[in-house]
Amino acid sequence: MNSFTGSVATAFDLIISGDPVLWTVVLRSLAVSATACLLACSAGIVLGAWLGVVRFRGRDTVLTVLNTFLAVPAVVVGLVIYLLLSRSGPLGFLGWLFSFQAMVLAQAVLVLPLVTALTRQAVEDAEREHGEQLRSLGAGNGLRSLLLAWDERYALLTVLITAFGRAISEVGAVMIVGGNIEGFTRVMTTAIALETSKGDLPLALGLGLVLMAVVLLLNTLVSVLRRWRERADGLMPLAVAA
């Protein structure tokens, strides 16, 4: 108990004192996950909005494959990216293995199906409510998907926050493609695993506390957005009636 209490106290001291080792890892983690989410959301929102509107032969198969990718283990994604970026792989010429770019790519591939699936569901629900009206005004699939995505922008902001939480808490893929190299590719999750195995519990706990704080902040933002949206939707009929 004393050892645990001492480790926790030291962990808080590392956080409050601005320990450079700890905060360098934290900032790198935030940079990797933010970049990966930016890339994944840019593609996933467009693709998801399109899938939410269009109807074509084989669409159910595409959605089944998409939902399957949601359950793919992170280590499998990391292995595939590793093989692609290795010297003998098709993308080996990029020289990205064990680099910042490799970790961004791995997290983006992990997050892309999540963003696409959630966006597709939100836009498809909006299509059921407003799609017929937009079609009567002459809006094609592309324009309809953009208009409905914009109408659901607050829901999509929640999707973005959820995707960031998924990315920053991932460990398997970035461990494989990043190599957990100190000063270069070490992020919070991989550093926690390494420092725990080395017995440096204060640093591991410090990183864990920061990671938990980030996840708590993200969940709080999602909750606030949801309540704000529900309140706005509840007031809208009153405004129209007035």
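**Exercise 1. Classify the partners of the Glu-124 salt bridge by burial, then follow its links.**

*Solution.* Start with Glu-124: its relative accessible area is 8%, and it counts as buried because that value is under 20%. Keep in mind that this is a predicted model.

Next, find the partner. The side chain of Glu-124 meets that of Arg-128 in a salt bridge, at 3.0 Å from N to O. Both residues belong to helix H5 and sit four residues apart, about one turn of the helix. Arg-128, at 58% relative accessibility, is exposed. The bridge therefore joins a buried residue to an exposed one.

Now look for a further link from Arg-128. Its side chain also meets Asp-125 in a salt bridge, at 2.7 Å from N to O. This pair lies in helix H5 too, three residues apart, again about one turn. Asp-125 is partly exposed, with a relative accessible area of 33%.

**Exercise 2. Work through the salt bridge of Glu-195, then place the bridges in the whole structure.**

*Solution.* Glu-195 pairs with Lys-198, and their closest N and O atoms are 3.6 Å apart. That distance qualifies because the cut-off is 4 Å. The two residues are three apart in helix H9, so about one helical turn separates them. Glu-195 is buried at 5% relative accessible area, while Lys-198 is exposed at 54%.

Stepping back, shared partners join Arg-59, Arg-120, Glu-124, Asp-125 and Arg-128 into one network of salt bridges. The whole structure contains nine salt bridges.

**Exercise 3. Describe the linings of the two largest pockets by element and residue class.**

*Solution.* Take the largest pocket, with a volume of about 300 Å³. It has 16 lining residues, and Leu-66, Phe-69, Val-109, Leu-112 and Pro-113 are nearest its centre. H2, H3, H4 and H5 each give two or more residues, and H5 gives the most, with five. By class, 15 are nonpolar, one is polar and none is charged.

The second largest pocket holds about 150 Å³. Its lining includes Arg-28, Glu-182, Arg-186 and the bridge partners Glu-195 and Lys-198. H2 gives the most residues, with four. Here the classes are five nonpolar, two polar and five charged.

**Exercise 4. Characterise the enclosed space.**

*Solution.* One cavity of 30 Å³ or more is found, and the largest cavity has about 40 Å³. Helices H2, H7 and H9 each give two or more residues to its lining. Among the lining residues are Ser-29, Gln-107, Ile-168 and Met-188. The count by class is four nonpolar, four polar and one charged.

Methods: Residues numbered from 1 in each chain as written. Predicted model: local features only at pLDDT ≥ 70, side-chain atom pairs only at ≥ 80, totals over all residues. Heavy atoms only, no water. 1 Å grid on protein atoms, 1.4 Å probe; cavity = no way out; pocket = protein on both sides within 12 Å on 5 of 7 lines; lining within 4 Å. Points joined across faces, edges and corners; volume = space filled by probe spheres on them. Nonpolar A, V, L, I, M, F, W, Y, C, P; charged D, E, K, R; others polar. Buried < 20%, exposed > 50% of the residue type's maximum accessible area, 1.4 Å probe, protein only.
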